[in-house]
Every structure is written in C-alpha cells, then in structure tokens.
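I opened the model to look up where protein and DNA meet. My notes follow in the order of the search.

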2 protein chains.
Amino acid sequence: MSAPSHGWPTDETPLSAELLPDRVAAMLSRRISEGAIAPGTRLPTEQKLAALFGVSRNVVREAVARLRADGLVDARQGVGSFVLAPERRLAIRIDAAALGGEGMAQLFELRAILETEAARLAATRRTEADLERIGAALERMRGEERWEEGSIDADLVFHREIAAATGNAFIETFVSFICERIRGSIRHARAINPIADLVEVNLGEHDRIYAALRAAAPDEAEAAMRAHLVGAAARVGVTLKR
Amino acid sequence: MSAPSHGWPTDETPLSAELLPDRVAAMLSRRISEGAIAPGTRLPTEQKLAALFGVSRNVVREAVARLRADGLVDARQGVGSFVLAPERRLAIRIDAAALGGEGMAQLFELRAILETEAARLAATRRTEADLERIGAALERMRGEERWEEGSIDADLVFHREIAAATGNAFIETFVSFICERIRGSIRHARAINPIADLVEVNLGEHDRIYAALRAAAPDEAEAAMRAHLVGAAARVGVTLKR
DNA sequence: ACCTCCATGTTGTAGGATGATGCGATCACA
DNA sequence: TGTGATCGCATCATCCTACAACATGGAGGT
C-alpha cells in the first residue's frame, strides 16, 4: 500500500505554507482537471483519502467541500463522491501566483479584448442613467491630486459602469473581476514606479472615452478605450500588442 | 444572546434541500458581497457562528473554508477571520440558474467577443503543433454522422484548442469555461429542436475557420468564427446581434 | 419468482480535545 | 516612571470519536 503504484499522494507540490485542506484540494483538483480521474468515477471514500494523504477525515471533508463548491464533484450521502462532467463546472479562479510578469501581460490582453468591445457596445446601448454613473466616477477621479487610493477606486468603478452599460451581466461580471485582479497587483508596481504626475494623462484618456459614450459613437469609444488600455499597461510596465 | 438584535442569522433563504455548510456559506457570502460586513471587519469566532446558526463548528469551518477559497475572507490562526477587500477575490462563478433565455443570449454575446478575437490572434500565433491538434478535433467531428455526444465533445475541443493557440492562458481558461457552460445547456435544446442534419453546415463553418488559421489570415479567421457563432447561436434559438 | 427487511458502507453532523499562533496585558527591573 | 520581556488567553488548525441519514445489495421468508 505504501508503494507509489497507485500514483496517489506521493507528495507533489513542495508543500509551502499552505494549509492542509488547500493542498489536498489542489491535488485532487489537478487530478480531475487533468482527466486522471474520469468523469463519473467514484472517488475513494473519505476515510481512504484521509489515510492516503495522511490527514484526518475532517481535512479531507473540507477539501471535498471545496471541490463540490467548484462543481468538480458531486457528493451523494450514503453513496460516495463522483467526478462530474466538465460542463457542470461552474467556477473559474485565477490564483495570485499566475500574475507575475507574463501573466500580467496576458491578463491585460484579455482585458483589452473585453473592454474595447464593451466600450463599443456601451456606446450604443447606454442609458442616461448609465452616463450619469460613469460621469460621477469621472468626477471622483478628477477630485484627487495624486493617483492613489481614492482615484484608483473611482477608476475601477468607471470601468465597471461601462461594462454594466452594455446590459450584459456576464460582461459586467468578467470585466469587473479582471479589473479587480489587476488593481490588486497595481499597488506593488506603484511603490516601484512613481507615476503620480500622470494623472492628467490618465484623466484625458478617460474623458475621451466618456465623450465617445455620450456621443453614442462606437468606433470612437472603442478607439479611446484601446488607447487608454495601452497607456495603462505601459504605466505598469507591460507592453500591449495591437 | 438569543435576541435578534445583532441581526445575524434570522434564517433567510427558505432552506431548501441544500446541505448545512452550503447554507451557512451562502448566508455569509451574501452578507459580505452586499457590503453588510465591511472589509477589514472580523467575523464572529467559529464557536459563536456555530451557536448563531445552530450548527456544529465543523459545519462552520467548512463554510468559512469555502469563503476563504473564494478569497472573500482571510483566516489567520490565533486571531480570527477577516473580510477581505474586493480586489483580492479570486474566483468567479456562474450559476446555472442564470442561463435561461436572456442569460443564454448574453453568454453567447460574451463568447462571440472572446472567440472572434481569439481566432484572430490564433491565426498569427498558432504553431504547427496547434494546427495539428485543431485538425485532429475537426477529423473527430467529421467521423460522426449525427450531432451527438462524440461530435459535441470534439466541437468543444476544437474551440478550446483555438483559444490555446493564442498562447494566452487566460483566454484559454475563459473560453473553455464559457463553452462548457453553453454545451451543458445545449443538451436540453437538442431534445426540443432536432438539428441532426445540420452537421454538414456546422462542419463547413469549422472548415472555414481551420483554413483561415492554416493560412495565417487573421481577418478571415475572425470572420469565419463570427459566422460560425452566429450560426451556432441560431441553432439553439438565440439571435446574436452584430 | 418476488417482496420485505436488515446488515453494511458511505457521507453528513455533532462535540470534544489538543497543538499552533499571535495579540495584549501583566509584571519585573532599572 | 518608563521600558522591556514574559505569560495568559483567545482563536484558528487539526485530530478524534461517535452517531444520524441515506442508499445499496443481499439474506430470508412468502
């Protein structure tokens, strides 16, 4: 039983400071998403998993609960836990580890795709109420001198409101998710690269977007958003292609 | 202590057949995302939460573990669990409930935005190995007569491989997530609207995409992908604008 | 052959005990 | 009085045992 024949635990993941349930969940999750455990298959019982990983059943339960929350498995009382088919997975996560350097550039690329198109759609679909909310965020940005907490927050709201103005709930969700992830990583960059005096540049870019939205000009909105994102990327040391 | 003065549990959510940890997690999650519990605030201790909800600490732990996995709270040993600021959330979920009618149309719109751009990028970045994988998926589709399990699966792989060919891991993740969600809902539609003989149409559309990718023609790839998605949407009773 | 009932295995929940950790208060000392 | 180290304590992390809820399959009776 101690042999690695089953290929189960064999402690991969050099076990950092992560908690036990996280590690167990990560291992199981990888096995499943790699297809090493076919959909429909029953997982080993919680007791066996506990024995295999050398942890208590409680830890295994927390791990399985997480897999269930992500829609990877379906635990049926009295029967067992079964791996679900991929189409039932309903969560997507981006771990902070993937956000260094290359990851940041890729995330900006994805952001550009979504937001330029969002700006285009918003230009034709926005209501007066939408414009009002977007304008309010703009004013909040204008109030600040430096590019710090308050204005960064207003920036986020600005982008999110534009996404919301498309009337597409999914676009809003995805855009605001990506923006928040990026913003979280900006703080670090800010300490390294002082960009305080770039507020005016930033504001100018936002103004152009807002004007285009108000004018209901899709092409201009898209172009302005693209220009803004290229600038924003550059300001955090990322070059955005196209 | 039994008073509702604190405004905590007072059992909202008419408690369906959901499990206890799910219910507790859902309640806490709603409080947090609604802003009823400000970021930085410390949650009640696990014991108090257990008492408030009338469940065991074990259940509370599973609920809190889920919140932590979603990045909503940060539990520090010996101190407590604290609500995190929104920018640290690292999970996004789409619940199946939102996918009826309007939701489906919106999801297709988002898909179109991502995949048309993905096709454009893939056209210039794809390697020979990418083309091989995409072609293999195409062949698997061609083998099937009807539009059923096997070919639907191959269809998914086809789209995912194109997204992967962009070299952008996030694009791949998001696209495959969306495709899988859509596919899950297709099954139902298929029973209603027999589209078996549309295989050839579908295949033709895919062929055009593949040819454009092989020819490294971005504009054609984008156009072919857009045409395909418009068709695919129509086949499930959704009209895609633009 | 069919139906009923029970033994068994599994997940779900409860409740306690113990270790690890970080914070704050207390106390000793200058 | 001020300063620093030490200790207690609250809290999470993990482990353990036990029982309840539930599903399945087989034994046994009709």
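I count a polar contact as a pair of N or O atoms within 3.5 Å. The model is predicted.

**Strand C.** By that cut-off I list Arg68(A), with a polar side-chain atom 3.4 Å from a phosphate oxygen of DNA strand C. Glu46(A) also reaches a phosphate oxygen of strand C, through a backbone N or O atom at 3.2 Å. For a base contact I noted Arg57(A), where a polar side-chain atom is 2.9 Å from a base nitrogen of DNA strand C. I found 24 residues around strand C, and Arg57(A) is among the closest, as are Arg61(A), Gln77(A), Ser56(B) and Arg57(B). Of the strand C atoms within 4 Å of the protein, 65% belong to sugar and phosphate. α3 and β1 (73-76) of chain A and α1 (20-33) and α3 of chain B each give at least two residues to this surface. I sorted the surface by class into 8 nonpolar, 9 polar and 7 charged residues.

**Strand D.** Here I found 22 residues, with Leu20(A), Ser56(A), Val59(A), Gln77(B) and Gly78(B) coming nearest. Sugar and phosphate make up 74% of the strand D atoms within 4 Å of the protein.

Which atom of strand D does the side chain of Gln77(B) approach? I read a sugar or linking oxygen, 2.8 Å from a side-chain N or O atom of Gln77(B). Gly78(B) uses a backbone N or O atom, 3.2 Å from a base oxygen of strand D. In Asn58(A), a polar side-chain atom lies 3.2 Å from a base nitrogen of strand D. I noted that α3(A) gives the largest share of the surface near strand D, 3 residues.

How values were computed:
Residues numbered from 1 in each chain as written. Chains lettered and ligands numbered in written order. Predicted model: local features only at pLDDT ≥ 70, side-chain atom pairs only at ≥ 80, totals over all residues. Heavy atoms only, no water. Near = heavy atom within 4 Å. Polar contact = N/O pair within 3.5 Å; in protein donor to acceptor, adjacent residues only side chain to side chain. Helix = DSSP H or I, 4+ residues; strand = E, 2+ residues; numbered from the N terminus. Nonpolar A, V, L, I, M, F, W, Y, C, P; charged D, E, K, R; others polar.
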